[in-house]
Amino acid sequence: MTPSTIENTEAVNPDGELRQGLFAAQAARIVELQAEIASRQEEIDNLKSLILDSHPVGTYQAGNLKVQVKPGARRINAGTFEKAYPATKYPGAYQLRPRPLSQLEKLLTSDAVADYAMSGKPTVVVS
């Protein structure tokens, strides 16, 4: 916003300073809470690491709580798999998916894919 735009907004909206103060306080509180969450997440990660180091895969009773140590998720290493089983020889091992929306808009135009696009939930990012 240019200074004249800010002045005009404040002239039309006398509550502008109050709203701006509230907005700044909300943003500051979000940053404070994000730091607290990060700190707590680090503590959780450390505790989980200790449990993983001391317990093999299985289910354990911990007082009134049940603790499960699960094996890591299995997935294919696409690079090595594609070398050993190329799509030209093993087409049944592959699936076809549409490209990401941004690529399709460049390839086909935004209007062409507009009816097929979906939007997620709006978000707020404070940095």
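Colleague: What share of the 127 residues of the chain counts as buried?
Modeller: Keep in mind that this is a predicted model. A residue has to be under 20% relative accessible area to count as buried. Out of the 127 residues in the chain, the share that gets there is 5%.

Colleague: And how much of the accessible surface belongs to carbon and sulfur atoms?
Modeller: Take the whole accessible surface of the chain, which comes to about 12000 Å². The part belonging to carbon and sulfur atoms is 57%.

Colleague: What pLDDT does the chain average?
Modeller: Of the residues, 88% score at least 70, and the chain average is 88. Residues 1–10 are another story: there the pLDDT is below 50. Beyond near neighbours in sequence, that stretch has 1 contact in the model. So much for the tail; the average you asked for is a pLDDT of 88.

Colleague: In what order do the elements run from the N terminus on?
Modeller: You have 5 helices and 2 strands to place. Reading from the N terminus, the order is α-α-β-β-α-α-α.

Colleague: How do strands β1 and β2 pair, parallel or antiparallel?
Modeller: β1 covers residues 58–62 and β2 covers residues 65–69, with 5 bridges between them. One of the bridge partnerships joins tyrosine 60 to valine 67 in β2. The two strands form a hairpin with 2 residues between them. Their pairing is antiparallel.

Colleague: Which residue in the turn of that hairpin has a positive phi?
Modeller: Look at the turn linking β1 and β2. The phi there is about 65°, and the residue is glycine 63.

Colleague: Where else is there a positive phi, in a residue that is not a glycine?
Modeller: Go to the loop between α4 (101–108) and α5 (110–113). The residue there has a relative accessible area of 44%, between the 20% and 50% cut-offs, so it is partly exposed. Its phi is about 90°, and its name is threonine 109.

Colleague: Which residues does histidine 55 touch, leaving out those up to four places away in sequence?
Modeller: Histidine 55 sits in the loop between α2 (16–54) and β1. In sequence, histidine 55 and valine 69 are 14 residues apart, yet their C-alpha atoms are 7.3 Å apart in space. The residues touched by histidine 55 are Tyr60 and Val69.

Colleague: With which side chain does the side chain of histidine 55 make a polar contact?
Modeller: At 32% relative accessible area, histidine 55 is partly exposed. Its side chain has a polar contact at 2.7 Å, and the partner is the side chain of serine 54.

Colleague: What kind of aromatic pair do phenylalanine 81 and tyrosine 94 form?
Modeller: The whole structure has 3 aromatic pairs. In this one, the centres are 6.0 Å apart and the planes make 55°, a pair that is tilted. Phenylalanine 81 is in helix α3 (residues 78–84) and tyrosine 94 is in the loop between α3 and α4, so the pair links parts of the chain 13 residues apart, and phenylalanine 81 is partly exposed at 24%. The kind of pair is tilted.

Colleague: Why is the pair of tyrosine 85 and tyrosine 90 edge-to-face?
Modeller: The ring centres of tyrosine 85 and tyrosine 90 are 4.9 Å apart. Planes over 60 degrees apart count as edge-to-face. The pair qualifies because its planes are at 75°.

Colleague: Which residues do ring pairs link into a cluster?
Modeller: Tyrosine 85 is partly exposed at 38% relative accessibility, and tyrosine 90 is partly exposed at 37%. The cluster linked by ring pairs is Phe81, Tyr85, Tyr90 and Tyr94.

How values were computed. Residues are numbered from 1 along each chain as its sequence is written. This is a predicted model: local features need pLDDT of at least 70, side-chain atom pairs count only at pLDDT 80 or more; totals for chains, interfaces and linings use all residues. Side-chain values use heavy atoms; hydrogens and water are left out. Two strands pair if DSSP finds at least two bridges between them. Helices (H or I, at least four residues) and strands (E, at least two) are DSSP runs, numbered from the N terminus. Buried means under 20% relative accessible area, exposed over 50%, partly exposed in between (1.4 Å probe, protein chains only). Contact means heavy atoms within 4.5 Å. A polar contact is a pair of N or O atoms within 3.5 Å; within protein, one must be able to donate a hydrogen and the other to accept it, and residues adjacent in sequence count only if both atoms are side-chain atoms. Accessible areas come from the Shrake-Rupley method with a 1.4 Å probe; for residues, only the protein chains shown count as cover. pLDDT is the predictor's confidence in each residue, from 0 to 100. Rings of Phe, Tyr and Trp (its six-membered ring) pair if their centres lie within 6.5 Å; planes under 30 degrees apart count as stacked, over 60 as edge-to-face and the rest as tilted.
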